[in-house]
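Work through the exercises below with the sequence and the coordinates open. Each task is followed by a stepwise solution.

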Amino acid sequence: MEKKIKLVVFDMAGTTIDEDNLVYKTVQKAINEYGYNVSLEEVLQYGAGKEKQQAIKDVLENCTGEQNTEKQAEIIFTYFQKALEQAYDEVQVKPVKGVPELFDRLRSKGIKIALNTGYDSKTANKLLQQVGWGNGSDIDAVITADDVVNGRPHPDMIYKAMKDLAIDDSQSVLKAGDSEIDIEEGKNAGCGITIGVLSGAQTREQLQAANPDYILDSLAELDHIIPG
């Protein structure tokens, strides 16, 4: 029997918002600006879905042979923040096709919608502004890396969404995202359903490594998974 879902927690960039991997292209640019030569594929493999300073640190450690990367990651992250702000000022992002309509259908069923992200709150709010989604109208909560001590794959962001929206059973929560770490986050929170989507950062093979319950081409295909 299918689980009764009361809350969905969706990742932002690549899952609900189409920004053509702009954030990871900017991570790549920022790292390489400091004398490295990492590929976008490497950035997506080791950085997708993570709080962005942690993502930079993990890419440095896995792709450059650097040791003790804490300080260097901090320096690159500061550069990255400025570069990303400029990039988002120059590029118009949009919702993933079919997602606004999905939001309407979920809300009509009484299902709460939370967005969570490895971005800081300033970046997340800029994205929401660009796509025209209101917190409290189109969505019920936005949880960012700033709001918790531990980022993905720790379950803290999902637990905060549950607390803020008065959901006490994680089995009634569905988590969806475009990276392996999104799925791990959902499993660590004990979510009833975890879903990988192919609209963003990672491939089917990469998502499959985290063993989600479903892999969808897009979040817009979600309806058949949620009964009622």
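Helices (H or I, at least four residues) and strands (E, at least two) are DSSP runs, numbered from the N terminus. The model is predicted, so local features need pLDDT of at least 70 and side-chain atom pairs count only at pLDDT 80 or more, while totals for chains, interfaces and linings use all residues. Residues are numbered from 1 along each chain as its sequence is written, and side-chain values use heavy atoms, with hydrogens and water left out.

**Exercise 1. Locate G132 and classify its accessibility.**

Step 1. G132 sits in the loop between α6 and β5.

Step 2. Apply the cut-offs: buried means under 20% relative accessible area, exposed over 50%, and partly exposed in between (1.4 Å probe, protein chains only).

Step 3. G132 has a relative accessible area of 52%, so this residue is exposed.

Step 4. For a distance along the fold, take K94, 38 residues apart from G132 along the chain: their C-alpha atoms are separated by 9.1 Å.

**Exercise 2. Describe the surroundings of strand β4.**

Step 1. β4 covers residues 112-116, and four of its five residues are buried.

Step 2. Two strands pair if DSSP finds at least two bridges between them. Strand β1 (residues 7-11) pairs with β4 in the parallel sense over five bridges. Strand β5 (residues 141-143) also runs parallel to β4, joined by three bridges.

Step 3. N116 in β4 stands opposite D11, and N116 also stands opposite I143 in β5.

Step 4. Together with helix α6 (residues 121-131), β4 and β5 make a right-handed β-α-β unit. Right-handed means that, with the strands pointing away from the viewer, the path from the first strand over the helix to the second runs clockwise.

**Exercise 3. Compare the span of α1 with its expected value, then list what covers this helix.**

Step 1. The expected span of a helix is 1.5 Å times one less than its number of residues.

Step 2. α1 has twelve residues and should therefore span 16 Å; its end C-alpha atoms are 16 Å apart, which agrees.

Step 3. The buried residues of α1 are L22, V23, Y24, T26, V27, A30 and I31.

Step 4. With contact taken as heavy atoms within 4.5 Å, what covers these buried residues of α1 includes α2, α3 and α4.

Step 5. Just after α1, G35 takes a positive phi of about 95°.

**Exercise 4. Treat α3 in the same manner, and add its start and end.**

Step 1. α3 (residues 52-63) has twelve residues and reaches 16 Å from its first C-alpha to its last, close to the expected 16 Å.

Step 2. Its buried residues are K52, A55, I56, K57, D58, V59 and L60. The buried residues of α3 pack against α1 (22-33), α2 (40-47) and α4 (70-90).

Step 3. At the start of α3, a side-chain oxygen of E51 comes to within 3.1 Å of the backbone nitrogen of Q53. A polar contact is a pair of N or O atoms within 3.5 Å; within protein, one must be able to donate a hydrogen and the other to accept it, and residues adjacent in sequence count only if both atoms are side-chain atoms.

Step 4. Just after α3, G65 has a positive phi of about 75°.

**Exercise 5. Is T69 buried or exposed, and which residues does T69 touch?**

Step 1. T69 belongs to the loop between α3 and α4.

Step 2. Its relative accessible area is 2%, so T69 is buried.

Step 3. Leaving out residues up to four places away in sequence, T69 touches K57, L60 and E61.

**Exercise 6. Examine the backbone of three loops.**

Step 1. In the loop between β5 and α7 (156-164) lies P153. A cis peptide bond joins R152 and P153, with omega about 10°.

Step 2. A166, in the loop between α7 and β6 (173-177), has a positive phi near 55° although this residue is not glycine. A166 counts as exposed because its relative accessibility is 69%.

Step 3. N211, in the loop between α9 and β8, likewise has a positive phi near 55° in a residue other than glycine. At 49% relative accessible area, N211 is partly exposed.

**Exercise 7. State the domain division.**

Step 1. Domain bounds come from an automatic or database domain assignment. The protein chain is divided into domain 1 (7-20 + 93-224) and domain 2 (22-90).

Step 2. The contact takes 18 residues from domain 1 and 16 residues from domain 2.

Step 3. Taken over C-alpha atoms, the centres of domain 1 and domain 2 are separated by 22 Å.
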